Structures are given as structure tokens and as C-alpha cells.
Amino acid sequence: MEEVLAKSFIEWIREDCPYWDITTEALVPQGITVEAEVQARSEGVVACTSDIARILRSLGFSVRDVKPDGSRVKPGDCVMVIRGDARKLLLVERTMLNLLMYLSLIHISEPTRPLYISYAVFCL
């Protein structure tokens, strides 16, 4: 399952940026290391964080402070911290955040959402 998810993740990035991230390539110098914190934007329960962390590690990022799957979060809580190459992180961050949100049911309409457990994230 993990290998299938990792391959799918790479494919989604290729679909999102078939020519890589031209803007990042033009504006962000090579060799810069950054650290990004993924934070909850609303109350809920995190989902599939361990899977996302494994995928990110397989892509060369270090990942720490990962909230365990099923943990409750409130606005501002750290879901995970990612460290690695700035260009690569900017390339994968939108796909990663979208995947976390969809796996956590954030795409469900607001009136329906209280029936489900969900959360939203953003990257600093």
C-alpha cells in the first residue's frame, strides 16, 4: 500500500507540474534548506499523517513532530515539521496539503462537515 501511495503521489506531482515549477526555479536559489510547519486551521482529527511522512522521507525530506493518525487537533496545532530543499518542498507542498485535506474530509461542504471528523492545514 505504501509503495502504491508513493507512486501515486509522484504521479500527482507530475500532473500538477509537468514542466516542474518554473517560478520556483527562477526565484529560489539552488541549495537552500528550509523548514516548514504544517498546522491545523480548525478543530478535528488528523488522518494519514504517518503515510505522508513516509512519502516525504522517501523523497529526501526529514520529517519530525508528526501527529499520530487519529490525534485530535485544534487551530494552530503542529501536524508535522518538514525540512529539506526549498525548491523540492515548494514543488510537493500543494499536492501534500491537498492529500492531507482530502484524506481528512475537508472537501465536504461546511454544513455536512460536523457529521464527520476533519481538519485543515496550511504550511508556514
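**Exercise 1. The loop between β2 and α3**

Task: In this predicted model, determine whether Val46 counts as buried or exposed, and then examine Ala47 and Cys48 in the same manner.

Solution.
Step 1. The relative accessibility of Val46 is 2%. Buried means under 20%, so Val46 counts as buried.
Step 2. Val46 lies in the loop between β2 and α3. Its C-alpha atom is separated by 8.2 Å from that of Leu100, although these positions lie 54 residues apart along the chain when counted as sequence separation.
Step 3. Ala47 is also placed in the loop between β2 and α3. Its relative accessibility is 17%, and therefore Ala47 counts as buried. From Ala47 to Lys67 the C-alpha distance is 9.1 Å, at a separation of 20 residues in sequence.
Step 4. Cys48 lies in the loop between β2 (44-45) and α3. At 24% relative accessibility, Cys48 counts as partly exposed.

**Exercise 2. Positive phi angles**

Task: State what is noteworthy about the phi values of Cys48 and Asp65.

Solution.
Step 1. Most residues other than glycine have a negative phi.
Step 2. Cys48 is not a glycine, yet its phi is positive, near 60°.
Step 3. Asp65, likewise not a glycine, has a positive phi of about 55°. Asp65 is located in the loop between β3 and β4 (72-73), and its relative accessibility of 47% makes it partly exposed.

**Exercise 3. The order of helices and strands**

Task: How many helices and strands does the chain contain, and in what pattern do they follow one another?

Solution.
Step 1. The chain contains four helices and six strands.
Step 2. Along the sequence, these elements give the pattern α-α-β-β-α-β-β-β-α-β.
Step 3. Of the contacts with a separation of 6 or more, 73% join residues 24 or more positions apart.

**Exercise 4. The nonpolar core**

Task: Identify which elements contribute two or more residues to the largest nonpolar core.

Solution.
Step 1. The largest nonpolar core has 27 residues. Those with the most contacts inside it are Phe9, Val38, Leu56, Phe61, Ile82, Val92 and Met96.
Step 2. Two or more residues come from each of α1, β1 (33-40), α3 (49-58), β5 (78-85) and α4 (86-103).
Step 3. Helix α4 supplies the largest share, eight residues.
Step 4. As a general background, nonpolar side chains tend to be buried together in soluble globular proteins. In this chain of 124 residues, 42% are buried.

**Exercise 5. The surroundings of two aromatic residues**

Task: Which residues does Phe61 touch, and which does Trp12 touch, when residues up to four places away in sequence are not counted?

Solution.
Step 1. Phe61 touches Leu56, Ile82, Arg83, Gly84, Asp85, Lys88, Leu89 and Val92.
Step 2. Lys88 has a particular position: its charged end sits over the ring of Phe61, 5.4 Å from the ring centre.
Step 3. Trp12 belongs to helix α1 (residues 2-16) and touches Leu5, Thr95 and Leu99. Trp12 and Thr95 are 83 residues apart in sequence, but their C-alpha atoms are 7.0 Å apart in space.
Step 4. With a relative accessible area of 35%, Trp12 is partly exposed.
Step 5. The structure holds zero aromatic pairs.

**Exercise 6. A charged residue in helix α4**

Task: Determine whether Arg87 is buried or exposed, and name the residue whose side chain makes a polar contact with the side chain of Arg87.

Solution.
Step 1. Arg87 lies in helix α4. Its relative accessibility is 15%, so Arg87 counts as buried.
Step 2. The polar contact is with the side chain of Glu25, at 2.8 Å.
Step 3. Beyond its neighbours within four places in sequence, Arg87 is in contact with Thr24, Glu25, Val28, Pro29 and Gln30.

**Exercise 7. Confidence along the chain**

Task: Where is the confidence of the prediction lowest, and where is it highest?

Solution.
Step 1. The chain has a mean pLDDT of 79, and 81% of its residues reach 70 or more.
Step 2. Confidence is lowest in strand β6 (residues 121-123), with a mean of 41, and highest in strand β3 (residues 62-64), at 97.
Step 3. Over residues 107-113 the pLDDT is below 50, and this stretch has seven contacts in the model beyond near neighbours in sequence.
Step 4. Residues 115-124 also stay under 50 in pLDDT, and the model has 50 contacts for them beyond four places in sequence.

Methods: Residues numbered from 1 in each chain as written. Predicted model: local features only at pLDDT ≥ 70, side-chain atom pairs only at ≥ 80, totals over all residues. Heavy atoms only, no water. Phe/Tyr/Trp six-rings, centres within 6.5 Å; stacked < 30°, edge-to-face > 60°. Lys NZ or Arg CZ within 6 Å of the ring centre and 35° of its normal. Buried < 20%, exposed > 50% of the residue type's maximum accessible area, 1.4 Å probe, protein only. Contact = heavy atoms within 4.5 Å. Core = buried A, V, L, I, M, F, W, Y, C linked by side-chain atoms within 4.5 Å. pLDDT = per-residue confidence, 0-100. Polar contact = N/O pair within 3.5 Å; in protein donor to acceptor, adjacent residues only side chain to side chain.
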